[in-house]
Amino acid sequence: MSTQPEIAPRRLIVGITGASGTIYGVRLLRLLQATDVETHLVLSRSAKITLTQELDFAVSDVAALANVVHQADNIGATISSGSFRTMGMVIAPCSMRSLGEIATGITSSLVTRAADVVLKERRRLVLMAREAPLHLGHLRSMAAVTEIGAIVYPPVPAFYARPSSLEEMVDQTLGRVLDLFDIQTGVVSRWEGLNPARTRDIQ
């Protein structure tokens, strides 16, 4: 008796932590609404506080953008288990505390527990680490998470895309993050080589 192979679900976990840059997590959820990806959101307590200071959004407004919302203290949530299949996880933004917990495997919330699960199941984990300047402890944590399989993706703007607004700048970065999951949103300005008209005076 033949059995049909199980089709992997198109689910992505989105974590938002308390680092500055909550716009990245909010905008990521908005971009994913236009796709077939099921989003599972978990906000840390610090993220909720930062959100209220940086954006004109209530926590409930952000929660409404996701398909499923998990509380940060719910260690029994589906995303805390490797048997719950996902494409992986993006933490946007990722605080240095969260990055440090992930680096050591000593997790204190559902955000970092879910990230740990993604790593142990060899799924893709992208950490939009947000801090400046960086001390040696930050850099060592970044190296450690890279060694265990995560991708550190600081939200560094691509000025070659010549963004005309903050939203375009944010979308370009997030579109490149979603490239890592083969999720296309149409917001990335792709590099097509040098513009000869802008380099004609270079000797």
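Begin by selecting helix 7, residues 166–179, which lies across strand 1, strand 4 and strand 5 and runs at about 160° to strand 5. Keep in mind throughout the tour that this is a predicted model.

Next, select the strands beneath your view of that helix, and follow the open sheet of 6 strands, whose order is 3-2-1-4-5-6 and whose pairing is parallel. At the edges stand strand 3 (68–71) and strand 6 (151–152), each of which has a single partner strand, so one side of each is left without a neighbour in the sheet.

Now colour strand 1, residues 11–16, together with strand 4, residues 88–94, since these two pair in the parallel sense over 4 bridges. To find one place where they meet, pick Leu12, whose bridge partner in strand 4 is Gly88.

From there, turn to helix 5, residues 110–120, which packs on the sheet and touches strand 1, strand 2 (38–43), strand 3, strand 4 and strand 5 (124–129), while its direction makes about 140° with that of strand 4.

The last stop is a pair of helices. Select helix 4 (residues 96–104) and helix 6 (residues 136–147), whose axes come within 9 Å and cross at roughly 45°; the two are therefore oblique to each other, and helix 4 passes helix 6 in a left-handed crossing. Show the side chains as well, and you will find Met96, Leu99, Gly100, Ile102 and Ala103 of helix 4 meeting His138, Ser141, Met142, Ala144 and Val145 of helix 6. Coloured by class, this contact has 7 nonpolar, 3 polar and no charged residues.

How values were computed. Residues numbered from 1 in each chain as written. Predicted model: local features only at pLDDT ≥ 70, side-chain atom pairs only at ≥ 80, totals over all residues. Heavy atoms only, no water. Axes fitted to C-alpha atoms, helices over the stretch in contact; angles between N-to-C directions. Parallel < 35°, antiparallel > 145°, perpendicular 65-115°, else oblique. Left-handed = near helix turned anticlockwise from the far one by under 90°. Contact = heavy atoms within 4.5 Å. Nonpolar A, V, L, I, M, F, W, Y, C, P; charged D, E, K, R; others polar. Pairing = 2+ DSSP bridges.
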